[in-house]
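Q: Could you take me through the aromatic residues in the main nonpolar core? I'd like to know what they touch and how their rings sit.

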Amino acid sequence: EANKPTLGDCIWNMGDCSCISLPSACLFVLDGGSLLQRLPWLKNATLESICQSYVDYVTKRYQNVVVVFDGYPNCPTTKDVTHMRLTRGITGPKIHFTGNMPCKSRKETFLSNTKNKQSFINLLGRTLSSNGIRVHHAEADADLDIVKTAISFAESQEVVVMGEDTDILILLCHHTSLTSRHYNFTLQRSKKAMYESTDYRTLKRPKLYLDRTYVNAYFCSCF
């Protein structure tokens with residue numbers, strides 16, 4: 001297993017980091033996989049009520065938001081090794097469910113089955129969408145889709161990327177154009193309102209600033 005936290009620290013240490021606060025008006029791009037892990041599931045709660053708890057969580061914290069979910073197709077993907085590591089090779093039974101059915105399984109057991117997970121993501125995505133929250137479903141691993149979504153919106157507004165994966169930070173640095181705009185990515189180190197900001201250009205070419213047009217994109221590791 002790659003030591004991603006150490007790699008992430010090394011990347012951030014290459015930039016000129018300083019503590020800042022989040023912008024008051026911006027678009028939040030949420031990593032749906034991290035969002036799934038954010039809330040506990042109440043025992044015997046219906047899956048519809050569980051989905052509603054995610055809606056309440058998102059709407060309480062974010063006004064302008066896009067949620068990007070992983071996809072779990074019926075073929076090998078880059079997520080398979082990570083999924084096996086997180087579940088330790090133990091997979092729960094496949095469950096055919098409806099929204100009004102109470103969930104009697106532990107959350108971890110239920111989501112360890114990729115078919116259950118995909119079906120729940122589909123249900124959650126529909127519930128979020130019906131409550132006015134924009135949702136994007138990736139075909140497989142969502143990291144690149146999260147980055148492309150953030151960069152496309154950051155051309156016209158400030159963007160905060162909410163995630164915990166070092167891969168997203170690396171992809172942001174790689175796919176953002178050096179010749180377009182000046183971006184900042186922000187990492188939240190704790191649950192406190194403390195952030196580290198770095199200009200992605202200093203990660204690619206130290207002290208290179210091509211223009212003075214600023215569009216800020218922030219990367220946060222905690223919701």
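A: Here's a walk through the core and then its rings. This is a predicted model, where local features need pLDDT of at least 70, side-chain atom pairs count only at pLDDT 80 or more, and totals for chains, interfaces and linings use all residues. Residues are numbered from 1 along each chain as its sequence is written, and side-chain values use heavy atoms, with hydrogens and water left out.

The largest nonpolar core (buried Ala, Val, Leu, Ile, Met, Phe, Trp, Tyr and Cys residues joined through side-chain atoms within 4.5 Å) has 32 residues, and Trp 41, Leu 47, Tyr 54 and Phe 120 touch the most other members. Helix H3 (47–61) is among the elements that feed this core, and H3 gives the most, with 7 residues. Helices here are DSSP runs of H or I, at least four residues, numbered from the N terminus.

Now zoom in on Tyr 54. Buried means under 20% relative accessible area with a 1.4 Å probe, protein chains only, and Tyr 54 comes in at 0%. Beyond its neighbours within four places in sequence, Tyr 54 is in contact (heavy atoms within 4.5 Å) with residues including Leu 35, Trp 41, Lys 107 and Phe 120.

Phe 120 is buried too, at 0%. Rings of Phe, Tyr and Trp (its six-membered ring) pair if their centres lie within 6.5 Å, and planes over 60 degrees apart count as edge-to-face. Tyr 54 and Phe 120 make such an edge-to-face pair, 6.3 Å centre to centre with 65° between the planes. Tyr 54 sits in helix H3 and Phe 120 in helix H6, so their pair ties together parts 66 residues apart in sequence. Both rings belong to one aromatic cluster with Trp 41, Phe 97 and Phe 110.

Key. Buried < 20%, exposed > 50% of the residue type's maximum accessible area, 1.4 Å probe, protein only. Helix = DSSP H or I, 4+ residues; strand = E, 2+ residues; numbered from the N terminus. Phe/Tyr/Trp six-rings, centres within 6.5 Å; stacked < 30°, edge-to-face > 60°.
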